[in-house]
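Hi everyone, thanks for coming. I'd like to walk you through one structure today, so please have a look at it on the screen before I start.

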Amino acid sequence: MKLNKYYLFVLFILFFNNIFCQNNDSLFIDKLKKYFCNQIEYKLDGDLYSNWEKTDLPDYYLFVSYSNKIQFPDEYIYPENIDGLSNKIKIKQFYPFVRFINLDSAKIIESAYTQKGYSTYIYYAYQDSRALLNKKLINYSKASICFIVFHELSHNYLKQKSIKIPYEFEEALCDVIGNYLTLKYYNNTINSQINEAKKEIHNTEQIYKCLNITINKISIDSNKISIFNNTCQRKMNKLLKKSSDFQNDRFKYPVNNAFLLKNSNYCLNYFLLKKVIWKHDDMQSIITIIDNLPQTKSNCDEYLKLLIR
């Protein structure tokens, strides 16, 4: 009887400790949201990072590329085109990836693409611009949480201000803003933890350099794709050994053309945008630049290069 009471007491303590930690992390994320809005001098609408996900499971993003080049294919495979699957698979969106709420469904469509010779990759997405709280998010390091929150809030700023820029510039921009504000937040508030943030940013940038080199090599010589991808895989494995849990969740996948296609949206324009942001190093100047970004890829690239001359 005494033993049972002891176990009940331990469970009781663990339960309330978990609730306390979740509340603590929610308050920390709320602080980050307020900091972000103060920095950009704009109040974001909606209950961003106020509500919890209904499930701890991720969404599943299926990325598809040609096997001989890094490019999204022209062909879409819809569930109704596969025998017996009509109306049984819910797809949330198609471009630049196919988004599923069920892993089995994602694998069925992935298999259909694979059989046609395409390169495929399923990404487990625990965070997105809906900005919902979940266990995965609050279990990351504080530096990772800062980056994720600032990244997703940047998406919401662009959406609410109706700033439409090419997808590959938007993701890279949100990464740069996420890193820039993470460093600024630590400098202004928790200076003792800034080394953790700097290490995380450094690791991400090393990963991006590795990916950029591989993407460039494939664009030059498509006959050595498997060699380039294998070399990239080995380098990625080394980099991820010293990276955070979040970075492993984000990048620890087999390297193929589909994986490179997905990450090209983050890494190809990252360093150009970083030069622009770090050169101006004033949030209001940065916001002015963001508000005036062109809508086409070539114009966006030209506009940013002019800003660093």
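**A walk through the fold**

Buried residues make up 49% of the 309 residues in this protein. Please keep in mind that this is a predicted model. The protein has 12 helices and four strands. Its accessible surface is about 16500 Å², and carbon and sulfur atoms account for 51% of that. If you take the contacts with a separation of 6 or more, 74% of them are between residues 24 or more positions apart.

Let's go inside. Nonpolar side chains tend to be buried together in soluble globular proteins. Here, the largest nonpolar core has 81 residues, and the members that touch the most others are Y49, I177, L211, M236 and I290. Which helix gives this core its largest share? That is helix α5, residues 167–188, with 11 residues.

I290 is a good place to zoom in. Leaving out residues up to four places away in sequence, I290 touches Y157, L158, I163, L173 and I177. Apart from this core lies another one, of 14 residues, including F100, I109, A112 and Y118.

Now for the aromatics, which I enjoyed going through. How many aromatic pairs does a search of the whole structure find? The search gives 24. One of them is Y180 with W278, an edge-to-face pair at 5.4 Å centre to centre, with 80° between the planes. Y180 is in helix α5 and W278 is in helix α10, residues 270–280, so this pair ties together parts that are 98 residues apart in sequence. The two partners differ in their exposure: Y180 counts as buried, at 6% relative accessibility, while W278 is partly exposed, at 32%.

Helix α10 comes up again in another pair, Y208 with Y270. Their ring centres are 5.3 Å apart and their planes are at 75°, so this pair is edge-to-face. Y208 lies in helix α6, residues 194–220, and Y270 in helix α10, so the pair ties together parts 62 residues apart in sequence. Buried or exposed, what are these two rings? Y208 is buried, at 0% relative accessibility, and Y270 is buried with a relative accessible area of 0%.

There is also an aromatic cluster to find on your screens: Y61, F63, F97, Y121, Y123, Y253 and F259.

Two rings have a charge over them. The charged end of K136 sits over the ring of Y126, 4.8 Å from its centre. R250 lies over the face of Y266, at 5.0 Å from the ring centre.

On to the loops, beginning with the one between α1, residues 2–40, and β1, residues 59–65. E41 is found in this loop, and this residue has a positive phi of about 55° although it is not a glycine. With a relative accessibility of 60%, E41 counts as exposed. P58 is found in the loop between α1 and β1 too, but P58 is buried, with a relative accessible area of 6%. What does P58 touch, not counting residues up to four places away in sequence? Its contacts are Y124, A125 and Y126. That last name should ring a bell, since Y126 is the ring under the charged end of K136. P58 and L103 are 45 residues apart along the chain, and their C-alpha atoms are separated by 9.1 Å.

Another positive phi, of about 45°, belongs to D281, which is not a glycine either. D281 is found in the loop between α10 and α11, residues 283–291.

My last stop is N256, in the loop between α8, residues 245–251, and α9, residues 257–267. The side chain of N256 reaches the backbone nitrogen of A258 at 3.1 Å. Not counting residues up to four places away in sequence, N256 touches S119, T120, Y121 and N229. Y121, you may remember, belongs to the aromatic cluster. Finally, the C-alpha atoms of N256 and I70 are separated by 9.2 Å, with their positions 186 residues apart along the chain.

That's my tour. Thanks for listening, and I'm happy to go back to any part of it.

Methods. Residues are numbered from 1 along each chain as its sequence is written. This is a predicted model: local features need pLDDT of at least 70, side-chain atom pairs count only at pLDDT 80 or more; totals for chains, interfaces and linings use all residues. Side-chain values use heavy atoms; hydrogens and water are left out. A nonpolar core is a set of buried Ala, Val, Leu, Ile, Met, Phe, Trp, Tyr and Cys residues joined through side-chain atoms within 4.5 Å. Buried means under 20% relative accessible area, exposed over 50%, partly exposed in between (1.4 Å probe, protein chains only). Helices (H or I, at least four residues) and strands (E, at least two) are DSSP runs, numbered from the N terminus. Contact means heavy atoms within 4.5 Å. Accessible areas come from the Shrake-Rupley method with a 1.4 Å probe; for residues, only the protein chains shown count as cover. Rings of Phe, Tyr and Trp (its six-membered ring) pair if their centres lie within 6.5 Å; planes under 30 degrees apart count as stacked, over 60 as edge-to-face and the rest as tilted. A charge sits over a ring if NZ of Lys or CZ of Arg is within 6 Å of the ring centre and within 35 degrees of the ring normal. A polar contact is a pair of N or O atoms within 3.5 Å; within protein, one must be able to donate a hydrogen and the other to accept it, and residues adjacent in sequence count only if both atoms are side-chain atoms.
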